[in-house]
Amino acid sequence: MSIREKARQLFAEGVDGVLAFKRTDGVCIPHLFTKTEVEEICKDVPADQRYPVAGIVRRIFLSGLAGKIGVVARGCDERALIELGKQGQIDFDLLSIIGVACSEEQARYCECSKPYPSRIDVGSRFEGISVSEKVRAVESMEGDERLAYWLAQFASCLKCMGCRNICPVCYCVECSLEDENLVRRGSVPPDWPVFHLLRAVDMASRCIDCGLCEESCPSGIPLRTLYKKATEIVKELFDYEPGADMTQRSPLGTIGDQSELPGGAFEA
Amino acid sequence: MSDKNLDFSYTTVPTICPYCGTGCGMLLEVIGGKISGVLPMKGHPVSDGCLCLKGWTAHEFVSSPDRLARALVGKDGDFKEVGYTEAVALVADAMRETVENHGPDSCAFVASARCTNEENYLMSKLARFAVGTNNIDHCARL
């Protein structure tokens, strides 16, 4: 089945719009299609041109959407939608997902552990990569070497805020990265360690590993490797996987009788 | 719900960042007919899906209340809205007077990366040919 056929089916079932891709001037751009525009929908998802679909859905909802929409979503897009739904940022029930499985090539490039959504409408399933070589490579460094590696990376930060801006699960109205008490204004590169660690901590319980942050970094900082490690730690400590399903509660939302830090730092 | 009742719309418009001469590719997000955000254009030959801080916030000036949308002339410590004919005449008179009294190099021209090549060419003609100075620069010295 193609995305267009699936969209046609969704319109017949009564959705009001479908968020998919449109080819124009040689590029693929995200667009919310109405029923009459269905023939303009790209049949496939552009392989190497990924956009923060879930973030777009959130902004459409914020603008006062009063209807149901279909969304073309890869595995990571669906995880982001689930995470946003759990955190009350979007109404997940108003969405119909057109599931797209990523190619093996894409999955290997992303080192993605689940490069497919819960239901696949387009494409065929590739099982995914369970161990990230990039994380292991950084882990294999000695402590001093590893610190020097990250400091060198963060020294090239332009503070463009692209990693935050493109992130589909970053939605705070007041961002701690813009808090003058935490991050000094007017200095580039931003203060170490506060800037990058603030973001890493924020990502630890919500990063759905789409990798858009790293792709949009003009300095090529390996943010994805950092956040993969952060989510790995959260998985170990709290058995929590961001965006895995609607029922799992975020560890940041459940401090109390449902969660304990090792060593009993928190008691019920 | 029919299309007519659809009270929302979302699209993106491919364009080039208006700030400097680099020419990064961006998509303007348009929600309900209003420019509301920027996304980097993926796979763009110049910027390949990246933007700088200015690019990421390039949508903000479009409908900013601080944006100068009309010619203003300062009179008695206050700004007064005037027509463009009057404003241009005022600038031309002041410039002519300055050039006559102090020579052409007393004037300087600042061109803009937000303008087209043709507009900047004309600016250069105005500075070098009409006024007679090489004092011309632009806003995007990178």
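**Close-up 1. Lining of the largest cavity in the predicted model.** Fifteen residues, written here as 15, line the largest cavity. Nearest its centre lie A:Cys157, A:Cys160, A:Cys163, A:Cys217 and A:Ile221. Two elements of chain A, helix H7 (162–166) and helix H8 (194–204), give two or more residues to this lining. By class, the lining of the largest cavity holds ten nonpolar, four polar and one charged residue. The volume of the largest cavity is about 110 Å³. The count of cavities of 30 Å³ or more is four.

**Close-up 2. The second largest cavity and its lining.** This cavity encloses about 80 Å³ of space. Its lining is made by 13 residues. Of these, A:Cys167, A:Met203, A:Cys207, A:Cys210 and A:Cys213 lie nearest the centre. Helix H9 (212–215) of chain A supplies at least two lining residues, and so does H8. Ten residues of the lining of the second largest cavity are nonpolar, one is polar and two are charged.

**Close-up 3. A nonpolar patch on the surface of chain A.** Four side chains make the patch: A:Leu147, A:Leu151, A:Trp192 and A:Leu197. The patch covers about 340 Å².

**Close-up 4. A:Leu151, one of the patch residues.** A:Leu151 sits in helix H6 (residues 143–154) of chain A. Its relative accessible area is 33%, so A:Leu151 counts as partly exposed. Patch residues need over 30% relative accessible area, and A:Leu151 belongs to the nonpolar patch with A:Leu147, A:Trp192 and A:Leu197.

Methods. Residues numbered from 1 in each chain as written. Chains lettered and ligands numbered in written order. Predicted model: local features only at pLDDT ≥ 70, side-chain atom pairs only at ≥ 80, totals over all residues. Heavy atoms only, no water. Patch = residues over 30% accessible without salt bridge, like charges linked within 9 Å, V, L, I, M, F, W, Y side chains within 5 Å. Areas by Shrake-Rupley, 256 points an atom, 1.4 Å probe, with all protein chains shown as cover. Helix = DSSP H or I, 4+ residues; strand = E, 2+ residues; numbered from the N terminus. Buried < 20%, exposed > 50% of the residue type's maximum accessible area, 1.4 Å probe, protein only. 1 Å grid on protein atoms, 1.4 Å probe; cavity = no way out; pocket = protein on both sides within 12 Å on 5 of 7 lines; lining within 4 Å. Points joined across faces, edges and corners; volume = space filled by probe spheres on them. Nonpolar A, V, L, I, M, F, W, Y, C, P; charged D, E, K, R; others polar.
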